[in-house]
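Q: Hey, I've just opened this one and don't know my way around yet. Can we walk through it together?

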Amino acid sequence: MKFTVRLALLVCLIAMPSFASGSSPEKPNPAEELFRADQTSGHYGGNLSIGGRAEPKTFNPVIATDAVSREINGRMMADLIEINRASQQTEPALAKSWKISPDGRTFTLQLRKGIRFSDGQAFDADDVVFSFGLYLDENVDAPQRDLLVFDGKPLTVTKVDRYTVRFSLPRPYASAERLFDGLAMLPKHLLEKPYREGKFVETWSLNAAPSEIAGLGPFRLKQFVPGQRAVLERNPYYWKMDSKNQRLPYLDEITFLFVGTEDAQVMRFEAGETSMISRLSSENYNLLAHERDRTHAQLVDMGPSLEYNFLLFNQNDLSDKKLDGIARKQKWFRELTFRQAVSAAIDRDSIVRMVYGTRGVALWGNVGPGNKLWLNNAIPHPQRSLESARNLLKSAGFSWNQAGELLDPAGAEVEFSIITNSSNAQRMKMATLLQDDLSHLGMQVHVVPLEFRALIDRVFQSFDYDAAIMGLGGGDADPNPEMNVWISSGTSHLWHLHETEPATAWEREVDGLMQQQMITLDYGKRKQLYDRVQELIAQQLPFIFLATPNILAVADPRVGNFHPASLDPYTLWNADELYIRTPMESAGVR
Amino acid sequence: MNRKASILILALAALHLALLFTGFLAPSDPIAQDRDLPYAPPTRLHFRDTSGWHLRPFVYALQPGPDAYTEDRSQSFPVRLMVRGNKYKLLGLVPLDWHLFGVDQPGKIAVLGTDEFGRDEFSRVLYGGQISVAAGILATLVALTAGATFGVVAGYYGWIVDESLMGAMELFLCLPWLYFLLGVRAFLPLHLSAIRTFFLLTAVIGLIGWARPARLVRGIVLTARTRNYVLAAKGFGGSDFYLMRRHILPEVRSVLVAQAALLVPRYIAAEVTLSFFGLGVNEPTASWGNMLSVLQRYSVLVSYQWLLAPAVALVITSVIYGLLADALLSRLKFQST
């Protein structure tokens, strides 16, 4: 008997660490103005493992630019106003409410009272003013800075009282409250000293001790093992609670394992080493779906993403480059009928079927059906027609020789290469399909797979390419993040970079419309302006839009409150609400 | 001639004949996509339908289903010999459209299934074999020609010529050739046509591989040049070129043949490796390497095993060449003892 008791005690002792790991949440107290998630329920405990492609570059959210760092830092940080990934609408976060002045230029935010950073120190307006100081400091060079500067003038932040902050914009800005999403609020008490000493950029590097890092997110750093994993533990002072007034998050820990490619992630998931994959290709989704009867995995198809894949012809100004071969071909690339013919010859349905296994949709414009608020439904969806493609080419003076090869008006064979990212199997496949589609028009197309950096260098710097297949978008549903693509001076105006002034009349019109929509506050009017932008783009085809994949994600059946969204971060946006179901609960779900 | 070697030579001849007459043996155009049939499994041959047994096998058309392809049993397509199909050039010269076997339109026979674009895997294995095996053979010729020349010159003249050539050879021997090839390919212009890529590849593979045969040849030449009949011929006033051609090269011949049998499969594998990494012949032209590269994707590897066909072909080819090299080497040893 004694032996059994001892054994039981021993078992309890061994099991203890797994229950007690992470810090236990503080009981909510009345002085704290917590956010109550009314729909959320779950229970405490558990560790969620997630496979990631690479390790983060930094834990400093102000200078992080790579997706992995952002994904991990995002769980440790919080913003004043957040975009709810499910509803795509803004909702209060660290700011419990805000008021906009009638001229749309002044925002007054009320902060939550009594809430604390993950190291237990209080959060107030000083932290907000300090954080924005960091984002706006040119020496820090935060990627978010561009968003906060309007016509060269930064927005200003003033502390009204301990829990009130006022933001003044130099000019009205549509849906300015969306700007706050992605601007993490940082602890002045930890970062002011290194900032004053000019060492801010080096702080919170991967070598930093977990105790030096504090944020307002649901988790805080527990351990980082280079090349292996980053472990986050519960922030015991987090400012959200669930429907039963329990402080979130439910999970004790989240472990990010650095496993490499998506295939490696799938294998780790199948082996039970990880519990979630944020973004799956359709091939791997179908593979996991085949095993669903055995694994009961939660596979979710969120429908079309906001990303758009497109074929891009090089229309850059090459006069100061020694690229005569490409300059000669630009006569075709700049010809609208040529681009229209290419677009008409592309079999988008087979791209959707063969590249995305029907888990995607064809695109004819930059806004796809995934973006319900901004999609212009009047954009036509012409079916593939080689006949009309040939007629278009004929009308532009192209002809065919005996062998069926396409000749330009000067009699030269139409031959060009499409570069694309060799590590992206889906775009490689699109390129091979396009090659075949265009061969029916007599065009000789070569597919050139390039390593990603080499591709970016050619498209952004050297302009040494004929055509490329790329993808953009996927960040936010709002038109404003698209400004840098469509405005002629934009940094992602890929088909013709560094335009000093709009090269064509329609680009001039788009410039005007995009500027106008940015300062229009009424949604209906903005939509009209952006509809016209979409119409112009679909007519002028600076990009030949191809297709967009669906957002596909998978989680272990034990993960509760798993609600992926079609905005980035697709699965971990509600990390504070995720919990691990007991075996009984999981069986019930099946 | 020993029997094993003759069987192997026959097998090898059959393999190369198949690759020469690929257009005739392959039922389909290797680059024609069938976008309704991606990843279709190998076509099943049937001998029996509702009306009973048939001597002539037939196939059914495939229909894409939600999970897998199903056979549409409403219409059968008998397999026929000598059918007309896509146009090709026999031996690269004679335009023809006859194929050894096939089925009537709109039926389709894919004995090894189809790839991700619905292209016939069997036809691609044959056409891809042309590229990969030809690359192996041509590269071997380049390597052996260079190797024999340098080996004979170094062995015959000795002294400084020997020292410098052997120094260069040592350098080539210690090159990590795969990385070197990857590097060389990265320097070449991007959009090369399939033919030019092919010749560049073979030249590069062959020129890197000259060192090993050169060293072997040199060893033989070193002993051969001191043989009495060579010295005698020299005494009678034979020129260097005459001596090398008439008396020394024949000594080397059998070694070169055995080396060739060893090197061909190695160089085929080199081409396959480079194309596998996307540095060889580009889509849509088939080569065993670029056909296998799709298997780098986990979902493909575990779901569509018939796409391993080029690997099987590579193994068979390598084994035949390897066994032949073995037989030739043991014959050499037998001769020398």
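Q: Let me start with a spot I clicked on. Leaving aside its neighbours within four places in sequence, which residues is Ala553(A) in contact with?
A: One thing to keep in mind: this is a predicted model. In it, Ala553(A) touches Ile277(A), Ser278(A), Arg279(A), Leu280(A), Val300(A), Pro564(A), Tyr570(A) and Thr571(A), not counting neighbours within four places in sequence.

Q: And what is Ala553(A) part of, core-wise?
A: It belongs to the largest nonpolar core, which has 106 residues. Along with Leu80(A) and Met185(A), Ala553(A) touches the most other members. Strand E24 of chain A, residues 543-555, is the top contributor to that core, with five residues.

Q: Where's the other core, and how many residues does it have?
A: That one lies apart from the largest core and has 75 residues, including Val142(B), Trp210(B), Val217(B) and Ile320(B). As a rule, nonpolar side chains in soluble globular proteins tend to be buried together.

Q: Switching topic: how is chain A divided up?
A: Into two domains: domain 1 is 26-297 plus 556-589, and domain 2 is 307-474 plus 541-549. Their C-alpha centres are 38 Å apart. Where these two domains meet, each of them puts in eight residues. On the domain 1 side of chain A, that's one nonpolar, five polar and two charged residues.

Q: What about chain B's domains?
A: Domain 1 of chain B covers 43-109 and domain 2 covers 125-336. The distance between their C-alpha centres is 40 Å.

Q: How many residues does each chain bring to the contact between A and B?
A: Chain A brings 19 and chain B brings 16. On the chain A side, helix H13 (425-439) gives the most, with five residues. By class, the chain A side has eight nonpolar, seven polar and four charged residues.

Q: There's a helix at 523-540 in chain A. What's its span?
A: That's H17(A), and its end C-alpha atoms are 25 Å apart; its 18 residues should span 26 Å at 1.5 Å a residue, so the two agree.

Q: Which of its residues are buried?
A: Arg526(A), Tyr530(A), Val533(A), Gln534(A), Ile537(A) and Ala538(A). They take up an arc of only 130 degrees around the axis, which means they sit on the same side of H17(A). In general, an α-helix has 3.6 residues a turn, so residues three or four places apart point the same way.

Q: What covers those buried residues of H17(A)?
A: The cover includes helix H15 (483-486) and helix H16 (505-519) of chain A.

Q: And what comes right after H17(A)?
A: Leu541(A), with a positive phi near 50 degrees.

How values were computed:
Residues are numbered from 1 along each chain as its sequence is written. Chains are lettered from A and ligands numbered from 1 in the order in which they are written. This is a predicted model: local features need pLDDT of at least 70, side-chain atom pairs count only at pLDDT 80 or more; totals for chains, interfaces and linings use all residues. Domain bounds come from an automatic or database domain assignment. Two residues are in contact if their C-beta atoms, placed from the backbone, lie within 7 Å. Ala, Val, Leu, Ile, Met, Phe, Trp, Tyr, Cys and Pro count as nonpolar, Asp, Glu, Lys and Arg as charged, and the others, Gly among them, as polar. Helices (H or I, at least four residues) and strands (E, at least two) are DSSP runs, numbered from the N terminus. The expected span of a helix is 1.5 Å times one less than its number of residues. A residue is buried if 20 or more other C-beta atoms lie within 10 Å of its own, exposed if 12 or fewer, and partly exposed in between; C-beta atoms are placed from the backbone. The arc is that of the directions from the helix axis to the C-beta atoms. A nonpolar core is a set of buried Ala, Val, Leu, Ile, Met, Phe, Trp, Tyr and Cys residues joined through C-beta atoms within 7 Å.
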